[in-house]
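I am opening a notebook on a structure that is new to me, and I mean to write down each thing I look up. The ligand comes before the helices in these entries.

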Amino acid sequence: MTDKKKIWISKPHMGGNEEKYIQEALDSNWVAPIGPNINAFENDLELYLGENSHVAALSSGTAAIHLGLILLGIKTGDTVLCQSMTFSASANPIIYQGATPIFIDSELDTWNLCPKALEIAIKEEIKKGKKPKAIVAVHLYGVPYKVDEIRAIANHYKIPILEDSAEALGSSYKGKKCGTFGDIGVLSFNGNKVITTSGGGALVTNKKEIKDKAIFLATQARENTPHYQHKEIGYNYRLSNICAGIGRGQMEVLNPHMQLRRDMHEFYVDIFKNIDEVTVFSVPNNDYYSNYWLTTILITPNKQKNIDKDALRVAFDEENIESRPLWKPMHLQPVFSEYTYYGNNVSENLFNTGLCLPSGSNLTDLEKQRIKDLLINFFK
Ligand SMILES: *Cc1c(COP(=O)(O)O)cnc(C)c1O
């Protein structure tokens with residue numbers, strides 16, 4: 001073991017005004033899942049996303065995905081197409097609804113939903129007698145999925161898109177912000193995301209009625225009567241006014257912090273430019289703009305030099321530096337092994353050779369030097 005201080009893959013990074021908004025909540029006694037910070041945070045997000053966005057602040061991104069599926073009408077017995085390479089939170093709410101996930105492979109340009117595999121899956125499932133009810137599409141690591149192609153398929157077969165933009169706040173495609181492409185969009189403010197509320201999430205829609213319905217369901221589906229009257233099953237999914245205060249402070253620094261993550265991506269591109277075994281995952285062309293939430297690399301194994309992604313992870317670990325394999329595809333997870341998968345093992349190959357590198361917006365020059373020294377030494 002080393003006594004060197006831990007370098008995390010992605011750490012919270014406060015802007016400074018978070019405390020002020022929390023203090024306001026305490027001073028006014030809005031210590032509840034209702035209050036002025038929530039409304040102001042939603043307003044900040046709506047202005048940021050533009051394009052007629054309506055935002056409901058929720059307790060997590062997972063809660064937003066769950067409510068999103070409910071609002072798209074997903075019920076017991078339905079099937080839902082879901083990107084296989086993702087965090088399990090993209091898929092778990094399909095099961096909460098009693099529906100069945102069908103996993104779809106990635107393509108190599110963005111590592112997200114493969115349009116070809118998606119269309120094959122839809123055709124096959126229709127042939128089997130059941131049309132899938134929704135598509136869960138993810139912008140992994142901040143890189144937008146093939147928005148136009150996926151939208152064209154969704155429109156052609158009339159299947160709505162649930163856009164999991166949990167990792168992509170600040171990213172955009174052809175100048176339009178991620179989170180606004182789905183029939184419903186989802187954001188996350190968990191501790192390791194681009195901005196954080198310690199824990200939190202949001203549902204994004206272009207319809208005010210959908211936002212209102214999301215808030216209604218998130219606050220126990222209580223009808224507007226003096227007593228507690230319920231006609232629908234509700235959830236306790238609203239964000240707290242304290243957490244929303246953190247979110248307001250974070251929105252003030254979203255753009256500069258995103259730029260710092262993009263600088264981290266450049267930092268790695270520069271380190272690896274003469275290292276043959278490594279490719280840094282980058283956007284395919286200028287239509288795509290990534291927040292580079294995490295910088296990720298693919299490593300071609302080199303047996304002679306004892307180089308592969310596991311050896312690098314262990315080398316980082318010995319220096320007390322956190323790195324992490326890519327998301328393990330859902331169709332390879334024991335809990336989802338019984339479900340159908342369409343693809344050609346693209347995501348599996350990515351998982352076998354990829355690694356996420358420390359990418360936070362608050363790494364010091366000294367920490368960056370430790371990372372750089374290790375990498376230069378490892379690939380020598
Ligand atoms: C973080 C994340 C989520 C879940 O968000 P929480 O706020 O942690 O519930 C969902 N999908 C993806 C792709 C994520 O990275």
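Which of the residues around the ligand come nearest? Working in a predicted model, I looked up the surroundings of the ligand and found 16 residues around it, of which Thr62, Asp164, Glu167, Ser188 and Lys193 come nearest.

**Entry: polar atoms at the ligand**

I then went through individual atom pairs, and I noted that a polar side-chain atom of Glu167 lies 2.6 Å from an oxygen atom of the ligand, while a side-chain N or O atom of Asp164 is 2.7 Å from a nitrogen atom of the ligand. The backbone takes part in this list as well, since I found a polar backbone atom of Gly61 at 2.8 Å from an oxygen atom of the ligand. Next I looked up the cover, and the protein covers 95% of the 380 Å² of accessible area that the ligand has on its own.

**Entry: helices α3 and α7**

I turned to helix α3, residues 61-71, which packs with helix α7, residues 208-218, at an angle of about 120° and with the axes 11 Å apart. The crossing of α3 past α7 is right-handed. I listed the residues that make the contact as Leu67, Ile70 and Leu71 from α3, together with Ile210, Lys213, Ala214, Leu217 and Ala218 from α7. Sorted by class, they come to seven nonpolar, no polar and one charged.

**Entry: Ile70**

I stayed with Ile70, which is found in helix α3, and asked which residues it contacts once neighbours within four places in sequence are left aside. I found Gln97, Leu217 and Tyr235. I also looked up Ile70 and Ala214, whose C-alpha atoms are 9.2 Å apart in space although the two residues are 144 apart in sequence.

**Entry: helices α2 and α8**

My last pair was helix α2, residues 36-49, and helix α8, residues 241-251, whose axes come within 8 Å and cross at roughly 35°. This crossing is left-handed. On the α2 side I noted Pro36, Asn37, Ile38, Ala40, Phe41, Asp44, Leu45 and Tyr48, which meet Asn241, Ala244, Gly245, Gly247, Arg248 and Met251 of α8. By class, I recorded eight nonpolar, four polar and two charged residues in the contact of α2 with α8.

How values were computed:
Residues numbered from 1 in each chain as written. Predicted model: local features only at pLDDT ≥ 70, side-chain atom pairs only at ≥ 80, totals over all residues. Heavy atoms only, no water. Axes fitted to C-alpha atoms, helices over the stretch in contact; angles between N-to-C directions. Helix = DSSP H or I, 4+ residues; strand = E, 2+ residues; numbered from the N terminus. Left-handed = near helix turned anticlockwise from the far one by under 90°. Contact = heavy atoms within 4.5 Å. Nonpolar A, V, L, I, M, F, W, Y, C, P; charged D, E, K, R; others polar. Near = heavy atom within 4 Å. Polar contact = N/O pair within 3.5 Å; in protein donor to acceptor, adjacent residues only side chain to side chain. Areas by Shrake-Rupley, 256 points an atom, 1.4 Å probe, with all protein chains shown as cover.
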